[in-house]
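Here are my notes on the two-chain model you sent round. Have it open beside you as you go through the points.

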Amino acid sequence: MSSYVISISPVGAIVAALVAVSIGTTLWWMLHPPASFVQKLAAEAESSLERMVGSIIVAFSPEINSSHMMALAAKLARGEKSELHAIYVIEVPYTLPPDAEMALEERAALDALGAAEALALNSDVTLRTETIKARSTKQAVLDIAKRDKANLIILGSYREGRYSGAPLGHVIEEIATDAKCDVLIGVEGKHGTLLGDSLGDPS
Amino acid sequence: MGADIFVGLGLVLAAAAGASNVAFLFAGLVYVCIGLAYTELAAAYPVAGGGQYFVLRGLGDIFGFIAGWAVLLDFTIDVTLFAWTCVDYLSQLAPGLTQSTHPWVHFGATFLLIAGLCVLNVVGVRESTAFNGFVSALDVMSESAILCLGFLFAFRPELLIHNMQFHWPSPYELMLGISYAIISFVGLESISQAAQETQRPASIIPRTSIALILTILIFALAYSNLALGMQPWHPILDAHGHPMQFWQIFPNNPDNQGKAVALLASQVPFYGAIAALYVPILGAILLLISSNSGVFGSSRIAYAMSSTNLLPSLFQRVHAKFRTPATSIIAFCSVAILELIFAALPALDPGAKAVYARFFNGEDGLTFLADLYAFGAATSYSFVFLALIALRLTDPLSPRKFKIPLNVPMRFRGLRVEFPIVGVIGFCGIFAILLFTLYTHPIGRIAGPSWLILGIVFYIVYRRRKGLPVFHSQKRDWKRSQIDILRNAGELELMDEYLANIKATDELRAKAEA
């Protein structure tokens, strides 16, 4: 079958360009509606979450039991692709030199950070771990957060020891008070009494 | 919505010849007015009833029924027409399905498609949203490619001017062409149907609606101008071996009329080699999806009409096992099959052909279905314009996030209202198209009004039996209803605005009375 000679007419070329531009512009406009008030609120919350979880530090110490929060941190870090850092702070009393050997505490640190690594591995997240000896747990956590430009500090709670004047433990309260970034504190429910009371459970 | 041009293009080119682009322009301008009216109403009243709901609210029960009944005609025709043209597009690749040479095969294939859709909808098989999205995206890209490459490589402006000068139709043919052109712009009901399922419809619906209106208008005008000014890639010869222009393959050739976009795509230089293979399949899939939209559209409208006591509660009945409105689906698919039989009868039986030739100007097949489609669309759209005007006057308190431009401020029953000029222009335009349809289509003139009369008789009998007013409206709490609609749609700010409007008006009235 013979064909006509193909040639491009300037008018045809202009119309073709107009059709392409007008269809493209119209559909782009259709697919980008303005956000409603509630959508703006949601977007702001999302954006603050992104800021919050850019870099996460999970802090452990003999006074802060964060194991249950580590699982949450690993999931959060995976979902938000955050940097995850677990630290164990061993408080060295002033009666000892700063680098004194503290076998029991160091062993506890190895256990806590080992468990944290296992959790991170299960969640397919890269985790940096660090054991720090310091005079003050609070100051050590805040210093590390400042050094790493952390966006979020995650802490567990310590409620099995003696009452220290603050329901969460004074170290946790102080970190939450002085931190320059967001602090997420997880309190385990197992120490509560409300459920047992309501059911009349003597335990 | 975009599937209508796959059906309308060939019919308009056959009827309006050198003025096809003018026919599309006239119908397109009316369509813009209709689209704006639907946009305003669907954003203000995001409910599934669509046009019939607007008319019910604006004009009352009897007119709501008539508009809904006309939409039902359109949806049942929609099922048959799109299934018919789906087979036409497939016949481009499988010539054994061609209607003129194998009418029984064509009839059987169309029948099976309708029956298949009926069964699928009764059983409740869901369409994949991802698949629909993929087909829609492919359609937009393909149509844009056909037009852009067609204008780039095959468009001759002098040919367009020549055709407009020397092949200008008679006024009768132009009116016929315009009445066919309006079927390329049917589908606005789908927007209002979707409004109830859209989150924040007042914001999303206007934007989607306007974008679709513009896209379809651009496609329709571009296709018609390209078809008239197109230098085909390969020479097209008539029976005597003389070269023909592209648009000349449509008059007196229903087979070609049913697959115009596929034929045009195949004549685009270079791209046509690929387009000839996949555009018929793409067109067939799109048309099948549109046919399916007719099946669930009709059952949804019937459900909505039934819930407002315009139709018996039978149409709200849900199948115990499948949880679908099986009675509605089967009833309207049966009507669609009846329409198919009427459309195909002349090709299947020579006796019927003679009757059709005598009484219906020989209209059959595709033109039979298109006539009824145009009648149903023009009738329901005419009522929607009247409803728009009525609602602007009687319900000015409902917030309208989108409002048609060009309004005249005035006072009505003590309230400030805005009278829509575009509504009046649109009504005149669509009413003219309704008159064109009645004047130029013997089938539309007879079968269309017959459908309406049948429906009105049915309505009178039903309302009398139920003890409801026949020519007056049932009392309804529209204020409560509107609050529920806005709350369910997630338009809480608009709901607050509506409540504030009501409160302010009540206070004003109380002051005036005091």
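**Notes on the model**

1. Let's start in chain A, with a strand pair. E91(A) has A134(A) of β3(A) as its bridge partner. Strand β2 (residues 83-91) and strand β3 (residues 127-134) of chain A run parallel and are joined by 8 bridges. Strands count as paired if DSSP finds at least two bridges between them; the elements themselves are DSSP runs numbered from the N terminus, with helices being H or I of at least four residues and strands E of at least two. Between β2(A) and β3(A) the chain passes through helix α4 (residues 103-122) of chain A, in a right-handed β-α-β crossover. Right-handed here means that, with the strands pointing away from the viewer, the path from the first strand over the helix to the second runs clockwise.

2. A word on the ground rules. This is a predicted model, in which local features need pLDDT of at least 70 and side-chain atom pairs count only at pLDDT 80 or more, while totals for chains, interfaces and linings use all residues. Residues are numbered from 1 along each chain as its sequence is written, and chains are lettered from A and ligands numbered from 1 in the order in which they are written.

3. Chain A as a whole has 7 helices and 5 strands, and the order from the N terminus is α-α-β-α-β-α-β-α-β-α-β-α. The domain assignment (automatic or from a database) splits chain A into domain 1 (7-41) and domain 2 (53-191). Their centres, taken over C-alpha atoms, are 52 Å apart. Of the 203 residues of chain A, 29% are buried, that is, have 20 or more other C-beta atoms within 10 Å of their own; 12 or fewer makes a residue exposed, anything in between partly exposed, and C-beta atoms are placed from the backbone. Take the contacts in chain A with a separation of 6 or more: 74% of them come from residues 24 or more positions apart. A contact means C-beta atoms, placed from the backbone, within 7 Å.

4. Check the backbone at K149(A), a residue other than glycine with a positive phi, near 50°. Most residues other than glycine have a negative phi. K149(A) sits in the loop between α5 (137-147) and β4 (152-155) of chain A, and counts as exposed because it has 11 C-beta neighbours inside 10 Å.

5. Chain B has a similar entry for your list: R413(B) takes a positive phi near 50° in the hairpin of β3(B) and β4(B), which has 2 residues between the strands. The loop in question joins β3 (407-412) and β4 (415-420) of chain B. The two strands run antiparallel with 6 bridges, and F412(B) pairs with L415(B) of β4(B). R413(B) is exposed because it has 8 other C-beta atoms within 10 Å. β3(B) is hardly covered, with 0 buried residues among its 6.

6. Which residues touch the most other members of the largest nonpolar core? They are A27(B) and V384(B), in a core of 177 residues. Such a core is a set of buried Ala, Val, Leu, Ile, Met, Phe, Trp, Tyr and Cys residues joined through C-beta atoms within 7 Å. Helix α4 (residues 61-91) of chain B gives the most to this core, with 20 residues. Apart from it lies another core of 39 residues, including I64(A), A73(A), L76(A) and L84(A). Leaving out residues up to four places away in sequence, A27(B) touches I178(B), A181(B), I182(B), F185(B) and I433(B).

7. A44(B) belongs to helix α2 (residues 20-44) of chain B. Is A44(B) buried or exposed? A44(B) is buried, because 28 other C-beta atoms lie within 10 Å. Beyond its neighbours within four places in sequence, A44(B) contacts S398(B) and R400(B).

8. Finally, the interfaces. Chain B is divided into domain 1 (4-466) and domain 2 (478-513), and their contact takes 13 residues from domain 1 of chain B and 12 residues from domain 2 of chain B. Between the chains, 26 residues of chain B are in contact with 24 residues of chain A. On the chain B side, α10(B) gives the most, with 9 residues. That side divides into 16 nonpolar, 6 polar and 4 charged residues, where Ala, Val, Leu, Ile, Met, Phe, Trp, Tyr, Cys and Pro count as nonpolar, Asp, Glu, Lys and Arg as charged, and the others, Gly among them, as polar.

Notes:
Contact = placed C-beta atoms within 7 Å.
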